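This briefing is meant to be read beside the sequence and the coordinates. It moves from helices to packing and then to aromatic contacts.

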Amino acid sequence: MTVAEPPRWRRLEPDTRREQILDCAVRLFGERPYAAVSTTEIARAAGVARGLLNHYFGTKRDLYLEVVRRLVIVPGLERAAEGITGSLRTRVERSVDWYLDTVSLHGRTFVAVTGAEGVGADPEIERILAEADNLAAGAVLTAVGIPRDEQGAEQLAAVRTYGALAKAAVREWIRDGNLTREQLQLLLSQALITVVRDVLPGLRSAH
C-alpha cells in the first residue's frame, strides 16, 4: 500500500495568497535591484501563476509600490508612540529600539526602497516616502512627549531631517556593515536627545 502524495498546490484564501505574493516580492527586491527582478520570478517564488500576480497587483511597478508602502508606512505607529513613557533618555532609547527592530525585519529591502537602489525618481514612490516621513516625524515627537496638537512645522521639519540621518545610518549598518546595532543605537539615541533637548526649544525663536 502506498501513501498518496499531498497536492502540490494548496487552495488559499485570496487575502492569504496576496500576502504570500507580497512577502516574496519584499524578499526578492531586497536581494537584487528592481530592474533585475521579474514578475515571473516573484510568481514562481510564491507558487502562483504570473496571471494571478497581475490580478492582485497589476504591473511590476504597482507591486513595487505595495512593497514600499509595506516597509515604510507602519500601521499603529502613532498608537505605539503614545505608549512610550519615562524620562527623555528612556523615551528616546525605547523609540530607537522600536525603529531598529522594525527595520531589521526586512533590512535590505528597506535600504533598497528608501535609497538609490530602488526605482529612482518615481513621483508616486516619492509621495509614499514623504507621507511615511511625515507620519514618522509626528510619531517621534509624540514618543518624546510632545502631543500632536503642540507639534509645529519647524519641529516636524527638524525631526524629518533627523529621519534622513537615521536612514543613512541604517544603510551603514545593514548594507555596508560599518556600524553594529549597538553603535547605531548610541548614535541615533544621542542625536535625537540633542535635537529634542537643544534644537527644538530654539527653533521658534530663530526665525
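The points below are grouped by topic and refer to the structure shown above.

The model is predicted, and its largest nonpolar core has 55 residues. Two helices, H4 (residues 60-72) and H10 (residues 181-203), are described first, followed by the cores and a cluster of aromatic rings.

**Helix H4**

- Helix H4 has 13 residues, which at 1.5 Å a residue should span 18 Å, and because its end C-alpha atoms are 19 Å apart, the expected and modelled spans agree.
- Lys60, Leu63, Tyr64, Leu65, Val67, Val68, Leu71 and Val72 are the buried residues of H4, and their cover includes helix H1 (14-31), helix H2 (39-46), helix H3 (50-57), helix H7 (107-114) and helix H8 (123-143).

**Helix H10**

- The 23 residues of helix H10 should span 33 Å at 1.5 Å a residue, and the 31 Å between its end C-alpha atoms agrees with this, while the helix bends by about 35° at valine 195.
- Val195 is itself one of the buried residues of H10, which also include Leu184, Gln185, Leu188, Ser189 and Leu200; the buried residues of this helix pack against helix H6 (88-104), H8 and H9.

**Nonpolar cores**

- Within the largest core, the residues with the most contacts are Phe29, Ile42, Val67, Val72, Val170 and Leu188, and helix H9 (residues 153-174) gives the most to this core, with nine residues.
- Leaving aside residues up to four places away in sequence, leucine 188 touches Val96, Tyr99, Leu100, Tyr162, Ala166 and Ala169.
- A second, separate core of five residues includes Leu77, Ala81, Ala139 and Ala143.

**Aromatic contacts**

- Four aromatic pairs are found in a search of the whole structure, among them the stacked pair of phenylalanine 29 and tyrosine 34, with 5.7 Å centre to centre and 15° between the planes; both of these residues are buried.
- Phenylalanine 29 also pairs with tyrosine 64, here edge-to-face, at 4.9 Å centre to centre and with 85° between the planes, and this pair links distant parts of the chain, since phenylalanine 29 lies in helix H1 and tyrosine 64 in helix H4, 35 residues apart.
- Tyrosine 64, like phenylalanine 29, is buried, and Phe29, Tyr34 and Tyr64 together form one aromatic cluster.
- Lysine 60, listed among the buried residues of H4, lies over the face of tyrosine 34, at 4.2 Å from the ring centre.

Methods. Residues numbered from 1 in each chain as written. Predicted model: local features only at pLDDT ≥ 70, side-chain atom pairs only at ≥ 80, totals over all residues. Heavy atoms only, no water. Helix = DSSP H or I, 4+ residues; strand = E, 2+ residues; numbered from the N terminus. Expected span 1.5 Å × (residues − 1). Buried < 20%, exposed > 50% of the residue type's maximum accessible area, 1.4 Å probe, protein only. Contact = heavy atoms within 4.5 Å. Core = buried A, V, L, I, M, F, W, Y, C linked by side-chain atoms within 4.5 Å. Bend = angle between axes of the 7 residues up to and from the residue. Phe/Tyr/Trp six-rings, centres within 6.5 Å; stacked < 30°, edge-to-face > 60°. Lys NZ or Arg CZ within 6 Å of the ring centre and 35° of its normal.
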